[in-house]
Structure formats: structure tokens, C-alpha cells
Amino acid sequence: MRRAFEAHALVVLLGIALSVSGCGGGLFRRSDSRASTRAVAVGGQAECAPQFPDQDGWLGGDAAASVALPHGDGRASLWLFGDSFVARAGTPDVRTYPFAHNSIALSHCDASGSWQIDYFWGGHRSTEPRAFFEPDPAAEWAIKVRRETGEAAYYWPISAAIVGDAVFVALLRVAPGAASGPFQLPFRLLGVDLARIENTDRPPEAWRIRYATLTSRADVLPASSLVVDGEHLYAFAFLAGNDGRSPRILTRLPITALDADRPSLEDAVETLAQDGRWISGVQPSEARILMDDDASEMSVHFDPELREWLAVYSELPLDARSPLTDTLWIRRAPDLTGPWSRPTPLAHVPELASRPDPLPGELFCYAGKAHPELARSAELLVTYVCNVYAERGEALPAVLERLRTTPSIYRPRALRLDVPRFSSSD
């Protein structure tokens, strides 16, 4: 019972799990007038409105990266979620809060503009739900985790990209660990694997998934956003040092390296150096910092009208005493290598627009990303996730019940935003 309670505590805290490295100073507050004045919450009346209802046992998940499916008609997407509430089949009382460390969904916009979505996880509909992406238990790093902790390693999917007819997914390697850091979170990040899926025209249960090591380093994690440009697959990486910061650097590997069926891609990865050269390997100490604020997850895409790259993200505090922000941010650049503009406020999260910094039991929001495959011309379709800030102990049962029963919490929420008109100083 104690073990189950500790697992549930992890679920309550997983909203800040990917952003424990927090944010730097100089935040724009809600009074900043440059944030978008047209933040329209997406509802059932909007064309192909993204919605994430409780359905078929899926009861919520965060992260919420997406990518258009290569075999779709341009209106079908793959969604990636982190730790997800899923109900056990045949168990009417879902308050037992089973969860899987990741899940996925397939969404489709039909001819009438209606949104359709189906969720999947490992052991779908089985008594014991499992994650959709699972490490090979025979992998050396997974064996080490089991030996050191007595528990299984797991993945958190963070971003995805299409190369030809294949989907590539960046997966954070995660291990259970002693509670540490300002939020006392019981996990460790150990590196990044790249999953390759080639037959997404089949049902997810039939997908062939191959895993390769992208990096086995724990201090730099090339998973924040995957982007294909020209002959390379680029991976924005966040630094995860002991100072609690997570600025972003850029790594890449040639697309030709992805054709080989090999267990590791580490020798094919290059890092953008401070002098603008590409150097061999993942080398954070030599890397150019492209974005000096802190965000472990984000989206990066090319806007064909602006003819610029856009990065969308949100931040969390450096530690438990720092103020939270309700702001979604955007940067722009003429090239993936930069120079990237200063962060501009894109929108304020509606749920947080009229409240002070949250106390235990109040909402905080994070995981801001754009989904260009679902946006109209001159528009951004952005999602974020809201969670409940809670302390361990007696508050946990009530918080878990609130997460389960409140449709707006712990699942993506969508906004349609005008693409900003950047000033020359941005």
C-alpha cells in the first residue's frame, strides 16, 4: 500500500517533473501588454477543435507533443503523453489511480471538421496497464537501473519528427531515484533514446518499434524538440546540470545515419559549437547556447509566411520558492542555428489570468507547445497542461480525486492565437 501511495505521489508531481531545472530571472508578468490579445480557447464549435476527454479508460496525461502522421491525409496526428492515468479493464472504481509512464493517441479531423481521438497504451484493456514505449529490459542501462533500484526503468516521450515514411520519437530515459532537488522528485534522467516506427498505417498494437541510443549522458538531453531540415535531423537539447538551469543547445545527425539498423547513434551526433562549427559528439561544454532561459520541452517549426523558425514553450520556477508564470513564450530565428530572438510573451494562460501565484491546492500550468499541423494560415494552435500544486501527505487523496474528476486538469488545453507581429526589437 505504501508503495502504491508513493507512486501516486509521483503522479501528482509529474507536472513539474520535466521542468525541475526551472526558469531563469527576468520573467514578464501578467501586466505585460505585448502578449497576444486574441487568445481563443478552443471549444467544440471550432473547426477540428483539439479536445482530450476521458475515453476508453484514459483519464489524463501531460507533455502532449504531436506530429502529423506520414500515412495520413494531413489531418491525422500522433500525440505523445507522459505519465498517464489509465483505468484497469473490468475495474469500476478508477480511484485506485493506475497509471502508465507514457501513452499515445491518434487524432483525425474528418471531412466535416469534427475531431476524433483514440488513446492507446501497453497492455491496452488488460488488467495491468503498461507504457506504450518501454525500454528493452536487456539493455545495459535498464539492467543497471534494475540492479541499483530494484525497479524497472521507463521512458517519457517528449517530441517527434517525420523522416520519409518513418516516425522518430525522442524518449527520455528515466530511473526511480531518491527524492532530491527543490521539489523532492523521486526520479533521475539518464539519457535519450530514439524510437523508430515505420508502419504507422497499421493499428498501434501492430507497430514495429526499434530503439537506438541518442545519448547516454545525463547532463545534456537532446529531446526538447526534433526538427527535420535538409539532410539532417536536428534535436534541441536542454542542459541538466547541478545548477538547476536548462538552457537549450542544438545537436544534429545526418538522415542517412537513421537508415542503419544499429543500437546506438551516438557516433553520428554533432553539436553546434560556440564558434558556429559542428563538432563531433554531444559536447555541452563546447556548445553554443541558443536559448538562455529554461525549458525542457518546447516545439520548433518553420512558418512559411514569416519564412522564419518559431519556438514555443512555457517555463517553471527555478525552485519551490520562486514565483510561477502564466505566460506562453515565443522566439523566432532565420535559421535553426540562430540567432534566436529574445523571448516574447505569446499569451497568458486563461485559467491563471486573475489569480496570484498559486498556493498548495491551486493550479499551475506548463508544457506549452505549438502544433502546426492543426493550425490555419497566420495562426498558431498551442496547447498547455494545468495541474494542481500540492504538498505530500494528507492532501494527496483529494488532489488525485480532483485530477480524475476535473476535465480541464492534467490533459492538454488548446488555444488558437494569431501569429505575432514581431517588432524590430524582438
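The paragraphs below go through this predicted model, from the whole chain to single strands and residues.

The protein has 426 residues, and 57% of them are buried. Its secondary structure consists of 22 strands and 3 helices. Among contacts with a separation of 6 or more, 61% are between residues 24 or more positions apart. The accessible surface amounts to about 17,600 Å², and carbon and sulfur atoms contribute 50% of that area.

Strand S5 is a convenient place to begin with the strands. It covers residues 103-109, and 6 of its 7 residues are buried. Strand S3, residues 76-86, pairs with S5 through 6 bridges in the antiparallel sense. Within this pairing, Leu80 has Ile104 of S5 as its bridge partner. S5 is also joined to strand S6, residues 115-120, again by 6 bridges and with the two strands running antiparallel. Here Ala105 stands opposite Tyr119 of S6. S5 and S6 make a hairpin, with 5 residues between the two strands. Gly113 sits in the turn and has a positive phi of about 85°.

Two residues other than glycine also have a positive phi: Asp56 and Ala63. For Asp56 the value is about 55°. Asp56 is in the loop that runs between strand S1 (39-41) and strand S2 (58-68). Its relative accessibility is 43%, so Asp56 counts as partly exposed. For Ala63, phi is near 75°. This residue is part of strand S2 itself. Ala63 counts as buried because its relative accessibility is 2%. Asp56 thus belongs to the loop before S2, while Ala63 belongs to the strand.

Further along the chain is Pro247, in the loop between strand S12 (232-239) and strand S13 (248-254). Is Pro247 buried or exposed? Pro247 counts as buried, because its relative accessibility is 12% and the cut-off for buried is under 20%. Its contacts can be listed without the neighbours within four places in sequence. They include Ala237, Phe238 and Leu239. Ile289, Met291, Asp292, Asp293 and Asp294 are also in contact with Pro247. Pro247 and Ile289 are 42 residues apart along the chain, and their C-alpha atoms are separated by 6.7 Å.

A four-stranded sheet comes next. It is an open sheet of 4 strands with antiparallel pairing, in the order S16-S17-S18-S19. Which strands stand at its edges? They are strand S16 (299-303) and strand S19 (344-348). Each of these has a single partner strand, so one side of each lacks a neighbour in the sheet. On average, neighbouring strands of the sheet are turned by 30° against each other, with direction ignored.

The pairing of S18 and S19 can be followed in more detail. S18 spans residues 327-333, and 4 bridges join it to S19, with the two strands running antiparallel. One pair of facing residues is Trp329 and Pro345, the latter in S19. The loop between S18 and S19 contains Pro339. The peptide bond that joins Gly338 and Pro339 is cis, with omega about 0°.

Ser314 gives a view of another strand of this sheet. Ser314 lies in strand S17, residues 308-314. With a relative accessible area of 10%, Ser314 is buried, because buried means under 20% relative accessible area. What does Ser314 touch, not counting residues up to four places away in sequence? The residues are Ala295, Thr327, Leu328, Trp329, Tyr366, Ala367 and Gly368. Trp329 is also the residue that stands opposite Pro345.

Two of the residues that Ser314 touches, Ala367 and Gly368, have their backbone nitrogens beside polar side-chain atoms of Ser314. The backbone nitrogen of Ala367 is 3.1 Å from a polar atom of the Ser314 side chain. For the backbone nitrogen of Gly368, the distance to a polar atom of that side chain is 2.8 Å.

Methods. Residues numbered from 1 in each chain as written. Predicted model: local features only at pLDDT ≥ 70, side-chain atom pairs only at ≥ 80, totals over all residues. Heavy atoms only, no water. Buried < 20%, exposed > 50% of the residue type's maximum accessible area, 1.4 Å probe, protein only. Contact = heavy atoms within 4.5 Å. Pairing = 2+ DSSP bridges. Axes fitted to C-alpha atoms, helices over the stretch in contact; angles between N-to-C directions. Areas by Shrake-Rupley, 256 points an atom, 1.4 Å probe, with all protein chains shown as cover. Polar contact = N/O pair within 3.5 Å; in protein donor to acceptor, adjacent residues only side chain to side chain.
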